[in-house]
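Got your viewer open and a cartoon view on screen? Let's take a short walk, one selection at a time.

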Amino acid sequence: MVSSCMLCHQTTARLPCNNGGSKALYKRHGWKVPAVEASGRSQAHSVGSPGTGDRLRLPPSRSVSQGTSRQDSRVQKMNNPAQISTYIKEQQKMALAGVRGHQPLQALLSFCASMEHLCSVAQPFLNYINLSAIITATAQLWTTARAKSSFQPSANMAGFDLKQFYSSILLQLEPMLPDVGAQAVSNILWSSAKLGLNPDAFVPGMTDALAATMLQLTKDKAGCQPNAQQCANFLWAFASMGHQPADKGLIDAVCQHFVRLIKHRDVSKRPNAQSAANLLWALASLGHQPADKGLVDAVSECFVRLIKHHDVSKQPNAQEAANLIWALASLGHQRADKGLIDAVCEHFVRLVKHHDISKRPNAQGAANVIWALGELNHEPPDGAASAILERLSVLCGLPRQAPNAQELSNTLLACAVLHLKVKDHVSLALVDGLLRLDRAHCSDQTYCNAAWSLAVLDKLCVDLFSLILGRLRPLSTEPAHNALPKQGLHQLYQALDFLQPLSTAAAQQLQEMMTRLGPRPLPDKRSAAYLCTSKHLCAALEQLGLAFTANVPLSGYWADAVLQPQDGVAAPVVLVPESYSGRFSNQEKRLTGRAVFRRALLAKQGKLVLIPEQELSRSLGDLADYIQQQVEDVTGDSLKPYIMS
């Protein structure tokens with residue numbers, strides 16, 4: 001019989017299930033055969049350093065060598081799935097100790113070899129539970145190994161061996177798919193996502209076949225329905241793999257089943273905090289808006305109930321709280337009850353201050369919470385933002401825990417949008433953290449976000465702006481540098497406008513740097529309804545006989561009209577509608593940072609007149625009267641300097 005080796009691409013005749021099979025495995029991979037191998041018993045092996053062409057021969061540990069003879073004999077006698085399950089668990093436990101030791105790769109591949117031998121010898125007795133357990137154990141061991149700072153595998157290294165092993169298990173699993181249960185479906189997909197592998201790439205159609213099985217199980221009336229954790233892990237796996245299911249109704253069906261579990265009369269069957277957070281995270285990552293409009297609220301309310309749970313062990317941890325609020329923002333979900341978001345924020349802040357350092361949020365969690373609040377235009381509870389930002393500033397000084405470029409950029413952007421009062425040492429830590437990162441690891445947009453955000457926060461100076469612009473120079477390995485995207489150029493030119501007025505030398509230097517990056521872009525096009533309103537405003541100005549220019553681009557915004565003084569002395573008057581979209585969702589009287597910055601930049605262009613939306617809907621005569629009163633108020637004079645001569 002011919003089969004493909006799980007640890008290499010070679011194809012070889014299947015040896016009988018005896019001592020020679022293990023010996024051939026060593027020789028095929030170029031591993032040194034241990035002394036005990038003379039009797040054909042050892043399963044431990046060493047691997048070569050990938051990508052170098054040289055073999056790194058690592059002798060198996062003594063305890064492994066001494067135990068493999070007994071294990072091999074035990075495998076030969078296995079004739080039922082229960083025995084096999086016990087053996088897999090024991091091998092996983094032993095491998096886990098090795099993975100946590102000094103040779104994680106050797107321990108991981110030793111486990112894979114033992115599972116290969118098991119599948120060869122006990123193949124007639126394997127069931128889907130055994131195969132699922134092998135995949136799950138491999139994922140758990142691989143995740144544990146990769147978490148070690150000393151274990152830095154290249155993509156070609158483990159990817160080459162791991163894929164062969166994974167593929168072989170899936171091929172054995174394929175005929176058993178009709179019998180697979182919810183736990184196995186969930187575990188197989190979860191493990192695949194952890195390994196960074198999609199079953200479809202090895203067995204075409206398997207991912208959707210597993211999904212179809214899960215769909216049927218949600219409708220099962222015989223007590224085989226998936227539990228909350230299985231539902232959440234299932235969708236989490238799809239999101240992590242970036243796999244959109246072929247059946248478009250699948251996600252909604254799993255979500256509806258999850259909601260039924262939230263309302264289950266048996267409290268033990270209701271979702272825990274991790275399942276609730278993971279489910280919403282998965283929906284957001286898949287970009288799926290649930291058909292049931294009450295789903296997000298139901299899951300969120302379940303999560304908040306767990307925050308208030310008397311048993312601390314059932315309360316959400318920092319990552320779960322961050323994932324939930326990130327998901328709400330990514331889904332664009334605006335709740336009528338703003339107290340839920342406040343409750344999650346307040347719980348997160350308690351974890352920020354927790355006496356147990358291990359329970360405090362990492363940089364990603366802290367950055368995601370601040371970013372989500374900015375996306376939702378939700379003013380954080382008193383002291384919440386300050387505590388989270390302090391946590392981030394501390395992490396900036398810890399090399400292995402410091403936020404990455406995107407996290408720093410998103411944090412600064414959210415601070416600007418929320419118009420937070422950021423302490424100087426915090427803003428300095430965030431900016432310094434960004435500028436210390438290797439340029440190759442930062443996108444142009446991260447620098448654009450930083451410059452704009454610092455301007456909004458009134459923390460930008462000429463020297464700092466020059467440093468940021470300097471980072472936007474093309475790398476030596478890059479081809480001809482293209483102009484920045486429109487959004488980035490908008491932000492940079494607005495930051496430049498914020499710094500005005502400048503000395504002649506500074507203005508010239510910055511303008512040259514900006515010109516190299518690209519020309520000032522026009523503001524975004526306005527809607528037909530907006531243009532109609534603007535036309536109505538201009539008609540009122542004409543009725544007053546004023547000299548004006550309509551639809552003027554100023555600092556990245558459209559001014560409906562700019563009154564031009566006829567005497568050459570008076571300042572121009574800028575007229576723009578006052579939009580209510582620039583206000584906090586939970587504090588409608590307060591302006592967001594974007595709205596405040598818009599006013600500040602337009603005010604640099606002349607006297608600013610903001611016209612409320614309700615005034616723009618009035619009759620032409622009433623609107624003209626209103627404009628006349630407002631212009632006279634801001635200029636402290638009559639309309640005479642602006643009347644057309």
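Which residues line the largest cavity? Keep in mind on the way that this is a predicted model. Select Trp371, Gly374, Glu375, Asn410, Leu413, Ala414, Val417 and Arg594, and you have the lining of the largest cavity on screen. The space inside is about 40 Å³, and a search of the whole structure turns up two cavities of 30 Å³ or more. By character, the lining residues split into four nonpolar, two polar and two charged.

Now colour the helices around that space. Both α15 (363–375) and α17 (405–417) supply at least two residues of the lining. The biggest contributor is α17, with four residues.

**Next stop: helix α19**

Select residues 444–456, which make up helix α19. This helix has 13 residues and runs 19 Å from its first C-alpha to its last, close to the 18 Å expected at 1.5 Å a residue.

How many of the 13 residues of α19 are buried? Eleven of them are, so the helix is mostly covered, taking buried to mean under 20% relative accessible area. Show side chains for the buried set, which includes Tyr447, Cys448, Trp452 and Leu454. Then bring up what surrounds them: the buried residues of α19 pack against α17, α18, α20 (462–471), α21 (486–499) and α24 (593–603). You have already met α17 at the cavity, where four of its residues are in the lining.

Before leaving, click on aspartate 458, which follows α19 and has a positive phi, near 60 degrees.

**Salt bridges, one by one**

The count for the model comes to twelve salt bridges. Here are a few to pick out.

Start with arginine 439 and aspartate 444, whose closest N and O atoms are 2.8 Å apart in a salt bridge. Is arginine 439 buried or exposed? Arginine 439 is buried, because its relative accessible area is 12% and the cut-off for buried is under 20%.

Step back to helix α18 (residues 424–436) and select arginine 436 and aspartate 432, both of which lie in it. Their side chains meet in a salt bridge, with 2.8 Å from N to O. The two residues sit four apart, about one turn of the helix. In general, an α-helix has 3.6 residues a turn, so residues three or four places apart point the same way. Switch on a surface here: arginine 436 is exposed at 52% relative accessible area, while aspartate 432 is partly exposed at 36%.

Further along the chain, arginine 618 and glutamate 615 form a salt bridge of 2.5 Å, N to O. Glutamate 615 is buried, with a relative accessible area of 13%, whereas arginine 618 is partly exposed at 34%. Elsewhere, Glu578, Arg583 and Arg599 are joined into one network by salt bridges that share partners.

**Last stop: glutamine 629**

Finish in helix α26 (residues 620–635), where you will find glutamine 629. At 41% relative accessibility, glutamine 629 counts as partly exposed. Use the distance tool between its C-alpha and that of leucine 639: the two are ten residues apart along the chain, with 9.3 Å separating those atoms.

How values were computed: Residues numbered from 1 in each chain as written. Predicted model: local features only at pLDDT ≥ 70, side-chain atom pairs only at ≥ 80, totals over all residues. Heavy atoms only, no water. Salt bridge = Lys/Arg side-chain N within 4 Å of Asp/Glu carboxyl O. Buried < 20%, exposed > 50% of the residue type's maximum accessible area, 1.4 Å probe, protein only. 1 Å grid on protein atoms, 1.4 Å probe; cavity = no way out; pocket = protein on both sides within 12 Å on 5 of 7 lines; lining within 4 Å. Points joined across faces, edges and corners; volume = space filled by probe spheres on them. Nonpolar A, V, L, I, M, F, W, Y, C, P; charged D, E, K, R; others polar. Expected span 1.5 Å × (residues − 1). Contact = heavy atoms within 4.5 Å.
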